[in-house]
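Let's walk through this fold together, one question at a time. Have a look at the model first, and then we can start with its strands.

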Amino acid sequence: MRMKPNKDAPYIIGVDLGGTNVRAVLSDRSGNILQDARRPTLATEPPSVIEGQIVGAIRDAMARAGASEQDVAGVGIGIPGIMDHETGVVFWSPNFPTWSDAEPVGANVAKQLGLATYIINDARCAALGELHFGAGRGARNMVMITLGTGIGGAIVLDGKLMLGPQGSIGEIGHQTLWPDGPECGCGNFGCMEALCGIGAIVDRCRRKLQAGRYSRIIELVGGDWDKITPAIIDQAADEGDPVAREVMDETGMWIGIGAANMINILAPDLFVIGGGVAQAGDTIFEPIIRTINARAVRRQRERCRVVPAQLGDNAGVMGGVVLVLQALEAEQ
């Protein structure tokens, strides 16, 4: 049986588990981050080691605040992959090859800390953070995508995050946009993620350079193509480099097609775009908006605001805080 949150405790722990780092924050019930701690994830190690890193980061944040377990209402964790948010079991995660088909992350962390622990997919977790503390405040119907190595998604209808079986509703990055397109990590071809993820953006750039075109990008990476990143491409685009602008325009077009599909299907009030790639600002947003305007049904398009996420790196940890706040509300 899952532990109940401590309704008398003033603090909440929010955790964002990534393939490289695990970050834990200690927050008050109003969503103010009071302490922050990070540890390397050690993604290729056994599950017990990774879970130990989660617990260690949480204890670091608590120690920096001078807080004990009795001061914490509960722990909310965003994790990439497919999981049962009700039981705390992770069935698959792209970042952790050592995890079994049913890794009880929630129960294991709860046992070590003696705290009620809740887990959810990381993109859905970030959407919860934006919905309650960021760009989504006040929205009743919202779609969010996170642009990074992969493309995560989340759907909010009537103010409620849609989860479904094993929390799997919202895999927006795996809609097919180009049937004959590149292979995706999920096994399909032409997914939004395969066309717009970080690897796809860099590959798009390299193909243009391989055609012999000059670009400021080559100078920015000192001739080492392995150093090309979306941030470098964005910098060159800001400087007017035509190759970089093409890369960002084409990427924005594909993102815009996927976004237009979701707007046509769900008619949201708000479409939030977050993740590292979104930090490119107008360079990526202009082709996204242009494509949405060309492809979304007019009535749906006109009532939907497309905005950047507001919380940045804090979206995931704040979503974890929201998980605990919701559990506390359910206990009342």
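Q: How many bridges join strand S1 to strand S4?
A: Welcome to a predicted model, where local features need pLDDT of at least 70, side-chain atom pairs count only at pLDDT 80 or more, and totals for chains, interfaces and linings use all residues. Residues are numbered from 1 along each chain as its sequence is written, and side-chain values use heavy atoms, with hydrogens and water left out. Strands (E, at least two residues) and helices (H or I, at least four) are DSSP runs numbered from the N terminus, and two strands pair if DSSP finds at least two bridges between them. S1 (residues 11-17) and S4 (residues 72-79) run parallel, and the number of bridges joining them is five.

Q: Which residue in S4 stands opposite Val15?
A: Strands of a sheet pair through backbone hydrogen bonds, either parallel or antiparallel. S1 and S4 are a parallel pair. Opposite Val15, the residue in S4 is Ile77.

Q: In what order do the five strands of this open sheet lie?
A: The pairing in this sheet is mixed. The order is S3-S2-S1-S4-S7.

Q: Which strands stand at the edges of that sheet?
A: An edge strand here has a single partner strand, so one side of it is left without a neighbour in the sheet. The two strands in that position are S3 (33-40) and S7 (117-121).

Q: What angle does the direction of helix H11 make with that of S1?
A: H11 (residues 314-331) packs on the sheet, touching S1, S2 (21-28), S3, S4 and S7; contact means heavy atoms within 4.5 Å. Axes are lines fitted to C-alpha atoms, for helices over the stretch in contact, and angles run from 0 to 180 degrees between N-to-C directions. For H11 and S1 the angle is about 135 degrees.

Q: Which residue in S9 stands opposite Met144?
A: Another open sheet of five strands has the order S10-S9-S8-S11-S12, with mixed pairing. Within it, six bridges join S8 (residues 142-147) to S9 (residues 151-157), and these two run antiparallel. Opposite Met144 is Ala154.

Q: How far apart are the end C-alpha atoms of helix H9?
A: H9 has 14 residues (282-295), and its expected span is 1.5 Å times one less than that number of residues. That gives 20 Å, which agrees with the model's end C-alpha distance of 19 Å.

Q: Which residues of H9 are buried?
A: Buried means under 20% relative accessible area, with a 1.4 Å probe and protein chains only. What covers them includes helix H8 (242-266) and strand S11 (270-274). The buried residues are Thr283, Ile284, Phe285, Pro287, Ile288, Thr291 and Ile292.

How values were computed
Buried means under 20% relative accessible area, exposed over 50%, partly exposed in between (1.4 Å probe, protein chains only).
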